[in-house]
Amino acid sequence: MTERLVTTDVLVIGGGLAGERCAIEAAAAGFDAMILSLVPPRRSHSCAAQGGMQASLGNCVKAEGDNPTVHFLDTVRGSDWGADQEVANIFADEAPVAVRELAHYGVPWSRVEGGKNHYFIKGEEVEIEEALENDGLIGQRDFGGTAKWRACYASAGTGHAALFAVDSEVVRLGVTVRDRTEAVALIHDGSRCLGAVVRCLRTGAHFAVMAKATVIATGGYGRIYGQYTSNATINEGMGTAIPLDTGVVPLGNMEAVQFHPTTISPSGILVTEGCRGDGGYLLDKNMSRFMVEKEPEKQELASRDVVSRHMAQCMRDGNGVDSPYGPHLWLDIRHLGEEHLRTKLLEVWDICRDFAGINPAEELVPVRPTQHYSMGGVRVNKDGQAYGMSGLFAVGEVACWDMHGFNRLGGNSLAETLVAGRVVGRRVAEYASGVSLQADTGVALDAVTAAEQRAAEWLARLGNGRSVYEIRDAMGELMMHKVGIFRNAGELAEAVSELGQLLDDCDNAVLRCKDPGVNPELSFALRLKGMLRLAMTVAMGAEARTESRGAHFRTDFPLRNDREWLNRTLVRWGADDSAPSFSYEPTGLIDLPPGHRGYGSDERIEMQQSVDDYNENVLAEQTRHGRLESVEAMGSRLIQGAWQSVT
Ligand SMILES: Cc1cc2nc3c(=O)[nH]c(=O)nc-3n(C[C@H](O)[C@H](O)[C@H](O)COP(=O)(O)OP(=O)(O)OC[C@H]3O[C@@H](n4cnc5c(N)ncnc54)[C@H](O)[C@@H]3O)c2cc1C
């Protein structure tokens, strides 16, 4: 008989690092936990992470003096003051624990080698003597936007090593994993989440999973940028789209989209920031190191938003290298030498050879910026609890927790998945221990029937409508070219109008394959409307935000405007509502007052309000916008003024 309804204590939608780490916490607390994943968990996108995971261990000479407060400062500056500073503080405090825990799980971290080491810093080779007593400690490399070498790494396969280790722990704890199973809707009563409707990708069958607590951990949604993303093909964003459909849960800062400077042209496969951290540099068509002139202090290791913009401008100015696939720039890592590349950047060595036919020890690597990371996502409080709906949590890249604000620092995402997995996992377990399973089977089975009808309607549709893949490709093109690195009112308005047209086209699109079972076209069609709705929230959010902050850059409003825009965008859009509604809440309690990031432009419109006055309103305003109370009071993890001791 076909399964219609199953129950568990904690349902985790997503088997990447964030979801698995969260499930470990729930299982360790004695709860039945179930993980859903589109693919076997070890193939989740976390596996692709390369260069490192930030934690202020201070293990090597260039990391001396590092501590969580310095990490906090870098993170807030990196975010262009868009982050929730209390969350950034929790994160920086707990990241060292997360890295050491991974060592305990079995991650083979690259290690400090005591004695003389040769590094490349700002293009120059230098000799640094690492203390012999540090020999064998977890090694750290330089990354963009940081004051210290802080990225802990396992060659350039950090995500792979971490995910395999964490997944082994999931197996050891006996967590139920259902792979090739997709959550397609949330089951809820308008204020409490009861679980999810899921679809088996092997058979096409739908069923309900009811749970005391539901955690969304579905990663980013880079595929709304079509081919212009470093994200895997599974990063299509259903996990972000389904809470939006409820009309109750808002998404935060959807216009905050990160572009990574170095993806290989034309494949879009990323080569890690660790290449530049280890001393690689960028060249234009004249073999000129343009970043030295643009950012004399940080050079190639300014934050990603800044480097990507300089690269895009360099190509706009005609200094890109022409190719049949459009212009690109060069990444030069030849001077690092084959031995370094084959030990500390092994995956980069392999990627260059396998996907570009290049020997990076001898040849330049063609690179250009591409969509990479979604700072925006399901808006949650510091416990990971979604705004507006109890029993629903979000963690990892899908969440807007929000420690990244408008620009995430490299290495801060892997660290977030593990830190937030622990923190939110603990809160999920606490929540689950205080509620009973509300098995309103009528609501659940109605939701299953509605999902079945959606699939049946797609299969029954006839006519000459566009193909779903054609609509997807059109969305990707317009997102990259009109909602990309540089944005302006005219192009954003065009993007919004064209996305509206694509939404209409989606309602009339016709499938070529009518099989209800294993049918990738149907599976994709069921996601397409959600993807278009996400794309629309990005474009409309960007159109409304008339300033530039982090990765959101408006050529018509080039300054950061702390007077009017020191806030977070929230968007709600119920499945039956014709248009999204936007509102704005304060970013959170401010500890480090807005200032210069230390790279990029120092020009900005200053806030007029005092920090104290701003902070005064945060609690009431965020509550008004749907924030649910956290277990510990707001501000309890922010030691006001601690940063003054390190600046
Ligand atoms: C090429 C690349 C390199 C990177 N390198 C680094 C790095 O060096 N350092 C760093 O800090 N960050 C890096 N990042 C970013 C980082 O890897 C990701 O942000 C992070 O791993 C996301 O983890 P996650 O657990 O949130 O999501 P993911 O690992 O993406 O996992 C999402 C999970 O959700 C499942 N899923 C999705 N939708 C559904 C659904 N509807 N139903 C059921 N399951 C679903 C998927 O199957 C998957 O299991 C990199 C990213 C890329 C693209």
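How much space lies in the second largest cavity? The second largest cavity holds about 50 Å³ of space. The model on the screen is predicted, and this tour visits its cavities, a pocket, the ligand and a pair of rings.

**Stop 1: the second largest cavity**

Please select Phe259, Arg304, Asp305, Ser308, Arg309, Ile485 and Ala551, which line the second largest cavity. Next, colour helix α8, residues 304-316; this helix provides 4 residues, the largest share of the lining. Sorted by class, the lining of this cavity comprises 3 nonpolar, 1 polar and 3 charged residues.

**Stop 2: the ring pair at Phe259**

Keep Phe259, a lining residue of the second largest cavity, in view and add Tyr225. The ring centres of Tyr225 and Phe259 are 5.8 Å apart and the planes stand at 90 degrees, so the pair is edge-to-face. Tyr225 belongs to the loop between β11 (206-216) and α5, whereas Phe259 belongs to strand β13 (residues 257-264); the pair therefore ties together parts that are 34 residues apart in sequence. A search of the whole structure finds 6 aromatic pairs.

**Stop 3: the largest cavity**

How many cavities of 30 Å³ or more does a search of the whole structure find? The search finds 3 of them. The largest cavity has a volume of about 100 Å³. To locate this cavity, select Asp84, Glu86, Gln622, Arg627 and Met634, which lie nearest its centre among the 15 lining residues. Then display α3 (85-105) and α16 (611-624), the elements that each give two or more residues to the lining of the largest cavity. The lining of the largest cavity divides into 6 nonpolar, 4 polar and 5 charged residues.

**Stop 4: the second largest pocket**

Turn now from cavities to a pocket. The second largest pocket contains about 850 Å³ of space. It is lined by 30 residues, and those closest to its centre, Val184, Ala185, Asp245, Arg454 and Ala575, are the ones to select. Colour β9, α5 (238-246), α12 (441-460), α14 (489-508) and α15 (520-544), since each of these elements gives two or more residues to the lining of the second largest pocket. Which element gives the most to this lining? That element is α12, with 7 residues. By class, the lining of the second largest pocket has 16 nonpolar, 5 polar and 9 charged residues.

**Stop 5: the ligand**

Finally, select the ligand and display its surroundings. The ligand is surrounded by 38 residues, the closest being Ser44, His45, Ser46, Glu397 and Ser413. Three distances may be displayed here. In the side chain of Ser44, an N or O atom is 2.6 Å from an oxygen atom of the ligand. At Leu414, a backbone N or O atom also lies 2.6 Å from a ligand oxygen atom. At Gly16, a backbone N or O atom lies 3.4 Å from an oxygen atom of the ligand. Taken alone, the ligand exposes 1000 Å², and the protein buries 98% of that area.

To see where this shell comes from, colour α1 (17-28), β2 (33-37), β9 (181-188), β16 (365-374) and α11 (412-433), each of which supplies at least two of the surrounding residues. Helix α11 gives the most to the shell, with 4 residues. By class, the shell around the ligand has 14 nonpolar, 21 polar and 3 charged residues. Strand β9 appears in this shell and also in the lining of the second largest pocket.

Key. Residues are numbered from 1 along each chain as its sequence is written. This is a predicted model: local features need pLDDT of at least 70, side-chain atom pairs count only at pLDDT 80 or more; totals for chains, interfaces and linings use all residues. Side-chain values use heavy atoms; hydrogens and water are left out. A residue is near a molecule or strand if one of its heavy atoms lies within 4 Å of it. A polar contact is a pair of N or O atoms within 3.5 Å; within protein, one must be able to donate a hydrogen and the other to accept it, and residues adjacent in sequence count only if both atoms are side-chain atoms. Accessible areas come from the Shrake-Rupley method with a 1.4 Å probe; for residues, only the protein chains shown count as cover. Ala, Val, Leu, Ile, Met, Phe, Trp, Tyr, Cys and Pro count as nonpolar, Asp, Glu, Lys and Arg as charged, and the others, Gly among them, as polar. On a 1 Å grid over the protein atoms alone, a cavity is a set of points where a 1.4 Å probe fits but cannot get out, and a pocket is an open set with protein on both sides within 12 Å along at least five of seven lines; lining residues have an atom within 4 Å of a point. Grid points are joined across faces, edges and corners, and a volume is the space filled by probe spheres set on the points. Rings of Phe, Tyr and Trp (its six-membered ring) pair if their centres lie within 6.5 Å; planes under 30 degrees apart count as stacked, over 60 as edge-to-face and the rest as tilted.
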